[in-house]
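Q: Could you take me through this structure feature by feature, giving the general idea before the particular case?
A: Gladly; here it is, and we can begin with the charged pairs.

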Amino acid sequence: MARWDDILTLPVQEPSTIEFSSSDLNWFKVEGWRQNVDDVALIPFSRVEDFVKGECSSAECPTRFRVEARRKKAEGSSYKPRVDGYLEYILYWCCYGPDDHRKGGTSRPSRKCIKPSKKKSAGRPHTKRGCLCHFIVKRLFAQPSVALIIYNQRKHVDKSGSPCHGPLDDKAIGTRFMYAPYISEELRLRITSMLYAGFSVESIMQKHMKAIEKHGGPSNRDDLLTHNYVRKLERDIRRSTYELDSDDAASVKIWVENHRSKVFYYQGSSDTDAFILGIQTEWQLQQMIRFGNNNLFAVDSSFGVKKFKYPFYTLLVFDSNQIAIPIAWVISASFSSHDVHKWIRTLYDRVCAKDSTWRLNGFIVDDALTETAKIRDVFQCSTLLCLWRVRRAWHRNIIKKCTNSEMQREMLKRLGHIMYSTWSGLNVLDAMEDFMEDFIDHSAFLEYLKAQWMPKIEVWVTAMRTLPLASQETCAAIEAYHSKLKSKLFNEADTGAYQRTDWLVHKLTTEVHSYYWFDHFSEENDLCGYMRDGELASNSWHRALYIADGDVILNDKDLQFAKVVSQSDRSRIHTVWNPGTEFAICDCSWSMSGNLCKHVIKAGMVCRDRLVARPSMAMQTYHQALHDLLQCPPNGSIVLDHAIALAIHMQQDLKRLLGPSNHRGTDPPLTLVPGKWVCKKSRTKGKLSTAEENNDVVCGNRVSSDGDNDAISHKIASEKEADKNTYG
């Protein structure tokens with residue numbers, strides 16, 4: 001049995017699961033109050049909520065723990081030198097106790113003065129059943145980041161020592177006391193999401209009853225859902241309002257105070273500080289941990305610059321189907337590097353507090369002006385650049401400001417050629433000047449180009465030459481999220497609401513969040529009957545994968561266009577001009593709105609498979625990075641041996657990662673190595689012999705040109721940085 005003086009020497013336990021219970025911890029016995037023996041354990045204070053949720057969802061006795069008492073002291077205040085001196089004290093008690101409202105039960109003296117409700121539902125006695133299960137959480141003075149959990153009574157029993165609720169209580173069998181006292185948070189979110197999506201109360205209950213019948217009757221508290229509860233949620237949604245105060249700033253502040261669990265960073269506007277509000281719900285944090293660990297982040301920056309009072313950032317992760325999921329929104333009046341560093345550090349600390357092993361592999365930015373050094377400093381990962389915003393802006397404005405379809409195709413082709421020539425030493429400013437001279441008759445687009453892009457074109461070119469580029473699949477995922485967000489936010493009848501930040505906060509945390517939560521839940525649980533449509537289940541890239549190669553007909557003479565058979569109407573054929581490049585254009589309605597369509601993507605796939613188009617810009621950055629890595633004079637040096645061995649190792653990793661079905665035509669990496677290097681004998685026989693043995697294998701396989709270039713790019717960037725540190 002441990003002594004109280006030794007509790008700080010106990011290990012701090014942090015299970016790897018998102019939620020955990022007492023069964024996941026190792027408990028130590030200590031002598032407690034009145035000669036009782038208590039079970040104690042140490043966990044990070046930031047994970048107390050995860051422990052409480054895990055205890056509530058126990059399969060042996062499902063329940064809900066509530067805060068029975070709470071005491072808090074200010075940091076720095078004086079205290080007696082006790083080993084368990086606390087900054088914060090929280091007493092959690094099972095909701096079925098400690099009072100006992102059963103016949104013959106007793107209640108605490110402080111509760112006897114409370115008059116029972118006159119309106120009692122027939123056959124619905126009070127829920128208190130004298131349960132003694134409770135535990136104490138202390139945030140210690142000596143270690144404020146650690147929580148001491150003291151379990152006084154771990155069994156759900158009454159004063160007689162008999163089970164008082166749950167499956168072990170014989171008197172509770174067949175009643176609601178077998179289950180938790182309230183419905184789960186997951187079911188509440190599901191109902192709320194369905195209500196925001198437009199489902200009626202009756203349709204929700206019908207679907208719920210069908211699900212219960214499917215698994216053979218009620219088995220938990222959620223199965224006892226009633227019409228009244230759903231109607232109450234529907235009424236609350238209908239009566240809710242975003243305007244908590246006539247003053248917008250005061251209204252936002254009230255919202256922040258009422259929703260602390262959804263805010264990870266808040267900074268009010270002042271003379272010295274800009275307004276910043278970082279929003280992340282518990283579900284978004286879980287998706288960040290699940291899909292962001294050892295994976296990629298992306299950002300959709302500066303949404304709503306023209307319409308909203310403050311623009312906002314969206315941080316995205318990609319699920320197993322490469323669908324973008326928003327895991328945080330940041331509304332701010334300033335996105336300077338200093339302000340970004342504030343909230344991005346807080347976000348990183350928050351996820352690491354939940355999972356200390358969480359790491360990010362790469363961070364994708366969509367603005368060349370972004371201060372990537374701050375991102376690398378926080379996340380300790382490489383940064384990539386996504387060009388979807390450039391392509392989309394040029395595409396949309398060419399179609400909008402130029403009515404001649406032939407000129408639209410030619411202008412987009414020329415701009416694409418300039419971007420593709422970035423790595424060949426082309427002077428981009430001179431090329432843009434030539435472009436404006438050749439298309440001088442189209443003054444509307446040229447004025448837009450001069451005002452919006454010419455002042456920062458050099459910054460974009462520099463970023464393209466120094467940062468790896470994200471793949472077309474990533475571009476399609478981010479663009480799909482951006483388009484869906486526009487359809488959700490820009491449908492307000494009262495356009496004056498766009499200038500209120502509290503409206504934006506309310507919209508994001510209710511309708512938008514519910515939309516993504518519900519769609520993700522439906523797909524994971526295979527609830528086809530719940531699915532509204534396939535909007536979020538795919539993007540242009542995934543829709544392109546369902547187009548057969550035989551439905552694409554190329555113009556083999558000069559590859560000016562390609563024909564793609566429509567999948568919805570086989571009698572209709574779409575024409576893709578400039579196929580094989582990111583700057584292709586299609587005559588379908590989606591492309592003519594400035595978006596990246598599935599026909600353009602599929603035509604590019606077929607062109608690269610048949611080796612009639614150059615590699616994508618993302619693959620060109622990969623080749624350039626590998627070429628820079630292999631520039632290691634003198635011949636036969638240890639650096640050269642390491643580079644060749646690394647190239648082979650990466651090629652094998654990619655081969656194993658992509659599989660044989662995804663190998664699309666580009667030059668294999670070792671074709672970049674000078675012949676005299678490969679043929680020359682190496683001092684380190686093992687490494688170079690490996691290169692010679694695998695040369696046929698490496699050169700006989702091809703790497704995906706689009707689908708997985710993000711993983712390639714951030715791996716190359718990381719290896720380059722490692723080589724700098726190792727070899728100087």
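Q: How many salt bridges does a search of the whole structure find?
A: The model is a predicted one, and a search through the whole of it finds 28 salt bridges. The general idea is that a side-chain nitrogen of Lys or Arg has to lie within 4 Å of a carboxyl oxygen of Asp or Glu. One such pair is Asp50 with Lys354, whose closest N and O atoms are 2.7 Å apart. Asp50 belongs to helix H1 (residues 48-56) and Lys354 to helix H7 (residues 337-354), so this pair ties together parts that are 304 residues apart in sequence.

Q: Are Asp50 and Lys354 buried or exposed?
A: Both Asp50 and Lys354 are buried. For Lys354 the relative accessibility is 14%, and it counts as buried because the limit is under 20%.

Q: With which other residue does Lys354 form a salt bridge, the closest N and O atoms being 3.9 Å apart?
A: Lys354 also pairs with Glu282, and the closest N and O atoms there are 3.9 Å apart. Lys354 is in helix H7 whereas Glu282 is in helix H6 (residues 282-292), so the pair ties together parts 72 residues apart in sequence. Glu282 itself is partly exposed, its relative accessible area being 25%.

Q: Which parts of the chain does the salt bridge between Lys602 and Asp549 tie together?
A: In that salt bridge the closest N and O atoms of Lys602 and Asp549 are 2.7 Å apart. Since Lys602 lies in helix H18 (residues 598-609) and Asp549 in the loop between helix H16 (540-545) and strand E14 (552-554), the pair ties together parts that are 53 residues apart in sequence. The two partners can be read separately for accessibility: Lys602 counts as buried at 6% relative accessibility, while Asp549, with a relative accessible area of 42%, is partly exposed.

Q: Which residues do salt bridges with shared partners join into one network?
A: The idea is to follow the pairs through the partners they share, and here this joins Arg47, Asp50, Lys53, Glu282 and Lys354 into one network.

Q: What is in contact with Ile547, once its neighbours within four places in sequence are left aside?
A: With those neighbours set aside, Ile547 is in contact with Val564, Gln567, Lys598, His599 and Lys602. Ile547 sits in the loop between H16 and E14, and it is buried, with a relative accessible area of 2%. The C-alpha atoms of Ile547 and Lys602 are separated by 7.1 Å, although the two residues are 55 residues apart along the chain.

Q: Which residues form the positive surface patch, and which gather in the patch of negative charge?
A: A patch is read as a group of like charges, and the positive one on the surface is formed by Lys306, Arg396, Lys400 and Lys401. Of these, Lys306 lies in the loop between strand E9 (296-303) and strand E10 (312-318), and it counts as exposed at 83% relative accessibility. The negative patch on the surface gathers Asp430, Glu433, Asp434 and Glu437. Glu433 is found in helix H11 (residues 428-438) and counts as partly exposed at 39% relative accessibility.

Q: What should I look for in the backbone, for instance in the peptide bond from Gly97 to Pro98?
A: For a peptide bond the angle to read is omega, and from Gly97 to Pro98 omega is near 0°, so the bond is cis. Pro98 has its place in the loop between strand E4 (86-94) and strand E5 (134-140). For phi, one can look for a positive value in a residue other than glycine, as in Ser302, where phi is near 55°, and in Gln322, where phi is near 60°. Ser302 is found in strand E9 and counts as partly exposed at 29% relative accessibility. Gln322 is found in the loop between E10 and strand E11 (324-332), and at 27% relative accessibility Gln322 also counts as partly exposed.Q: How many helices and strands does the protein chain have, and what share of its residues count as buried?
A: For the chain as a whole one reads totals, and the protein chain has 23 helices and 17 strands. Of its 728 residues, 51% count as buried. The chain exposes about 34900 Å², of which carbon and sulfur atoms supply 50%. Among contacts between residues at least 6 apart in sequence, 68% join residues at least 24 apart.

Note on methods. Residues are numbered from 1 along each chain as its sequence is written. This is a predicted model: local features need pLDDT of at least 70, side-chain atom pairs count only at pLDDT 80 or more; totals for chains, interfaces and linings use all residues. Side-chain values use heavy atoms; hydrogens and water are left out. Patches are made of residues with over 30% relative accessible area and no salt bridge: like charges are joined within 9 Å, nonpolar side chains (Val, Leu, Ile, Met, Phe, Trp, Tyr) within 5 Å. Accessible areas come from the Shrake-Rupley method with a 1.4 Å probe; for residues, only the protein chains shown count as cover. Lys and Arg count as positive and Asp and Glu as negative; His and the chain ends are not counted. The place of a charge is taken as NZ of Lys, CZ of Arg, CG of Asp or CD of Glu. Helices (H or I, at least four residues) and strands (E, at least two) are DSSP runs, numbered from the N terminus. Buried means under 20% relative accessible area, exposed over 50%, partly exposed in between (1.4 Å probe, protein chains only). Contact means heavy atoms within 4.5 Å.
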